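These are my notes on the model you sent, set out point by point. Please read them with the structure open.

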Amino acid sequence: MLHIVCCVKQVPDSREIRIDPKTNTLIRQGVPAIANFYDMHGLEEALRIKDQYGARITVVCMGPPPAEKTLKQCISLGADEAVLVTDRRFAGADTLATSYVLAKAIQKIGEEWGPVDLVFCGKQTLDGDTGQVGPGIACRLDLEQLTYVEKVVGIDLEKRTITVHRHLEDGVEVVETRLPALLTALKELNKVRRASMPGMLRAARFKPVIWTVDDFPDMDKKQIGLKGSPTIVAKTWVPEQKPVNGEVVKDQSPQEAAAFLADRLWSTDLPDKLGWNQQSEEVSA
Amino acid sequence: MTVKKKAAQPNDMPDWSEYRGVLVVVEQRDGVAKSVSWQLLGIGRKLAEKLEVETIALVMGHGVGHLAEEAIQRGADKVYICDDPVLSVYRTRPYSRVCLQLIRDIKPEIVLMGATYTGRDLAGAIATHLPTGLTADTTQLDVEPHPSRLLLASRPAFSEKMVATILCKQYRPQMATARAGVFEALPRDPSRKGEIIPITCEMKEEEIAARVLDFIQDEKRVNLEDADVIVAGGRGLGGPGPFRLLKELADALGGVVGASRAAVDAGWIGHEHQVGQTGHTVRPKLYIAVGISGAVQHLVGMQNADVIVAINKDPDAPIFKVAHFGVVGDLFQIVPALTEEVKKRRGL
Ligand SMILES: Cc1cc2nc3c(=O)[nH]c(=O)nc-3n(C[C@H](O)[C@H](O)[C@H](O)COP(=O)(O)OP(=O)(O)OC[C@H]3O[C@@H](n4cnc5c(N)ncnc54)[C@H](O)[C@@H]3O)c2cc1C
Ligand SMILES: Cc1cc2nc3c(=O)[nH]c(=O)nc-3n(C[C@H](O)[C@H](O)[C@H](O)COP(=O)(O)OP(=O)(O)OC[C@H]3O[C@@H](n4cnc5c(N)ncnc54)[C@H](O)[C@@H]3O)c2cc1C
């Protein structure tokens, strides 16, 4: 049976974050913590693979204790096991330190519950928004890396291969590779199901497995948390809109307005740069 | 991550004198470079000049010799080129192997890549391998002069409401991915001279598990990033039909049609047309915003256009703050009139 690990992060709903206009700082109070929604598309795909091929699904989250809520949500949807990796010493991690801890956790999940065939991450998170943790984990565990997956075409259990559609700027790439692999999920991948009644009942009683730094005897303490993070936020600021003080007209007839705009555009270097005048020269010639 | 107010002092940093130069990784598909690659060479060259070091480009692919030449014309002093059938399509393992080898050999102090799907895939793998810090999706890049030589990599945060400047003091190289359409490419200068150095790909096809079986070009997908003229419509259009008016104006100007998220979410036009934080960041020569209010998440996607025109019936719409030329009025009357006027002047 396949063993799938889904990485799920609990994030502040950044759409709800406001800036205090007086202090120019973030107002975090009252901002709801939610499961990063791309990660839920990863979990949904794991559940679909489970429905089709049979699989065991373990969810893992690195975060503070309240992140338990997100793990329970995953259990209610049909995940089999959930691990919360939590320790003050993990705090302040950038993507390098985060992928280190998550890779260690996935390794340990493999040791506890059987070798891992597939790992799902989200495309990116709502808060850090880097999309770097997935490739980081794949690199550390030497997994085949399939980012920006919008469709899982199929898994060949015998040959141990997976075929997916990767989304690129100008089209879709069909890629086949071997297992174990790490996929990062787009929202186009699927539609996330609702929790079932038995799922919700199971989730209500469920206690995730908790791992701290001390549960990883070989963890290098220099590679975790703030100390293990090469990137430092030096400052944050609220961007100011550079005012253009452009020329705006009103109360004009459509023809006047159109002539105004055309006059202005033709007074710039755009007609030269874009060859707008060539055609008319030909016509007049 | 910590928040430190103090400016970086070199004495809290190791000696990095071995690491010099700015490396830009050129992204291409089928021998066509992504425009972001040349934009990165543009900004990379500025950083290199400030640091008094070389601007270096890396071109990977198969049959991509012409891109090495173009990289020099676009600002590189030195181009490393790895031309090998194994690299004919992008795959993480061989591409990251070539990059890593080069970075370890030449030790650049800064490595820049596009924040594209491929760039993010590759940068994430390389930064972990090295290991070093990687700042994602930057929109401003600067350096502190010698001796600190720190890369000041700034990126939008929290739905574009803030900008964060991120430093990497204790590791080299300093890596960043950068958004397409933010930085300015240098015009091609055929008289520029530079050195082209071939390098080899150590990876053999048999060692690579991933196989790209097919590429399905999306015919519908518009190339907003490379368009010179974009005529974009928002909620003010009121439905899918009026996008035809924008298409006619765009055709007359030799451009393409873009959209705000409100128009995309309403289902009036495909997501591939969306400009803004969760759509495309564009840098056209001309951007015409029609029936778009100018929310910050939209502005971040288009405010680097050379010339911005706004057509909106609300004189207080924030889009007028960034517009060079604006008309307050009804788009249903003004857009067709403008299309006629443009056609007349162009003799179409
Ligand atoms: C404003 C801001 C800017 C930042 N910029 C940078 C930067 O440029 N470079 C940098 O290295 N760090 C940066 N960070 C720090 C970064 O957000 C944290 O390291 C974070 O722990 C992981 O990165 P991410 O949120 O970007 O995740 P992403 O890389 O976007 O996450 C991808 C996927 O990895 C999985 N995943 C990520 N974190 C967890 C977790 N804790 N538990 C379970 N699964 C997880 C999820 O499946 C997720 O969808 C920034 C943080 C903030 C708040
Ligand atoms: C996390 C996040 C990400 C986002 N990403 C994006 C993004 O990538 N791109 C994006 O665009 N938005 C994005 N948004 C949404 C953004 O906040 C705005 O909601 C959106 O841009 C509004 O679109 P609009 O200007 O078309 O609509 P509105 O704000 O409703 O503006 C419509 C305008 O049309 C004008 N109008 C109406 N009728 C006429 C007429 N007959 N003639 C002339 N003018 C008329 C009105 O005066 C008004 O100014 C994002 C939001 C969030 C929270």
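The points below take the chain contact, the ligand sites, the sheets and the domains in turn.

1. Status of the model. This is a predicted model, and the remarks that follow should be read on that basis.

2. Contact between the chains. The contact takes 74 residues from chain A and 75 residues from chain B. On the side of chain A that touches chain B, helix H6 (residues 254-266) of chain A gives the most, with 10 residues. By class, this side of chain A has 35 nonpolar, 24 polar and 15 charged residues.

3. A sheet built from both chains. Strand S14 (residues 231-237) of chain A pairs with S10(B) in the antiparallel sense, over six bridges. Two of the residue pairs can be named: Thr231(A) has Cys168(B) as its bridge partner in S10(B), and Thr236(A) has Ala164(B). The open sheet has four strands in the order S14(A)-S10(B)-S9(B)-S8(B), with antiparallel pairing. S14 of chain A and strand S8 (140-143) of chain B stand at the edges with a single partner strand each, so one side of each is left without a neighbour in the sheet. Neighbouring strands of this sheet are turned by 25° against each other on average, direction ignored.

4. Ligand 1. This ligand lies between chains A and B. Ligand 1 is surrounded by 36 residues, and the closest are Gly122(A), Gly128(A), Thr130(A), Val133(A) and Ala157(B). From chain A, the elements that each supply at least two residues of the shell are helix H1 (37-53), strand S6 (55-62), helix H3 (95-113), strand S8 (118-122) and helix H4 (133-141). From chain B, strand S7 (134-138), strand S9 (151-157) and strand S10 (162-168) each do so too. H3(A) gives the most to this shell, with four residues. By class, the shell around ligand 1 divides into 16 nonpolar, 14 polar and six charged residues. Two strands of the sheet in point 3, S10(B) and S9(B), are thus also among the elements that supply the shell around ligand 1.

5. Ligand 2. Which residues are closest to ligand 2? Among the 29 residues that surround ligand 2, they are Gly234(B), Gly236(B), Arg261(B), Ala262(B) and Gly276(B). The site is nevertheless shared between chains, because residues from chains A and B surround ligand 2. In chain B, helix H6 (261-265), helix H7 (296-302) and helix H9 (331-346) each supply at least two residues of the shell. The shell around ligand 2 has eight nonpolar, 15 polar and six charged residues.

6. Strand S11 of chain B. Are the residues of strand S11 (residues 174-178) of chain B buried or exposed? Five of its five residues are buried, and the strand is mostly covered. In a regular strand the side chains alternate between the two faces of the sheet. In S11(B) both faces are covered, with Gln174(B), Ala176(B) and Ala178(B) buried on one side and Met175(B) and Thr177(B) buried on the other.

7. Partners of S11(B). Strand S6 (residues 110-114) of chain B pairs with S11(B) in the parallel sense over five bridges, and Ile110(B) stands opposite Gln174(B) in S11(B). S7(B) also pairs with S11(B) in the parallel sense, over three bridges. Here Thr138(B) stands opposite Ala178(B). S7(B) is also one of the strands that supply the shell around ligand 1.

8. Domains of chain B. Chain B is divided into domain 1 (12-207) and domain 2 (229-346). Their centres, taken over C-alpha atoms, are separated by 33 Å. The contact between them takes seven residues from domain 1 of chain B and eight residues from domain 2 of chain B. By class, the side of domain 1 that touches domain 2 has three nonpolar, two polar and two charged residues.

9. Helix H5 of chain B. In helix H5 (residues 243-253) of chain B, the buried residues are Phe243(B), Leu245(B), Leu246(B), Leu249(B), Ala250(B), Ala252(B) and Leu253(B). These buried residues pack against strand S14 (229-233), strand S15 (256-259), strand S16 (286-290) and H9 of chain B. H9 of chain B is also one of the helices that supply the shell around ligand 2. Just after H5(B), Gly254(B) takes a positive phi of about 70°.

Technical notes. Residues are numbered from 1 along each chain as its sequence is written. Chains are lettered from A and ligands numbered from 1 in the order in which they are written. This is a predicted model: local features need pLDDT of at least 70, side-chain atom pairs count only at pLDDT 80 or more; totals for chains, interfaces and linings use all residues. A residue is near a molecule or strand if its C-beta atom, placed from the backbone, lies within 6 Å of it. Ala, Val, Leu, Ile, Met, Phe, Trp, Tyr, Cys and Pro count as nonpolar, Asp, Glu, Lys and Arg as charged, and the others, Gly among them, as polar. A residue is buried if 20 or more other C-beta atoms lie within 10 Å of its own, exposed if 12 or fewer, and partly exposed in between; C-beta atoms are placed from the backbone. Two residues are in contact if their C-beta atoms, placed from the backbone, lie within 7 Å. Domain bounds come from an automatic or database domain assignment. Two strands pair if DSSP finds at least two bridges between them. Axes are lines fitted to C-alpha atoms, for helices over the stretch in contact, and angles run from 0 to 180 degrees between N-to-C directions.
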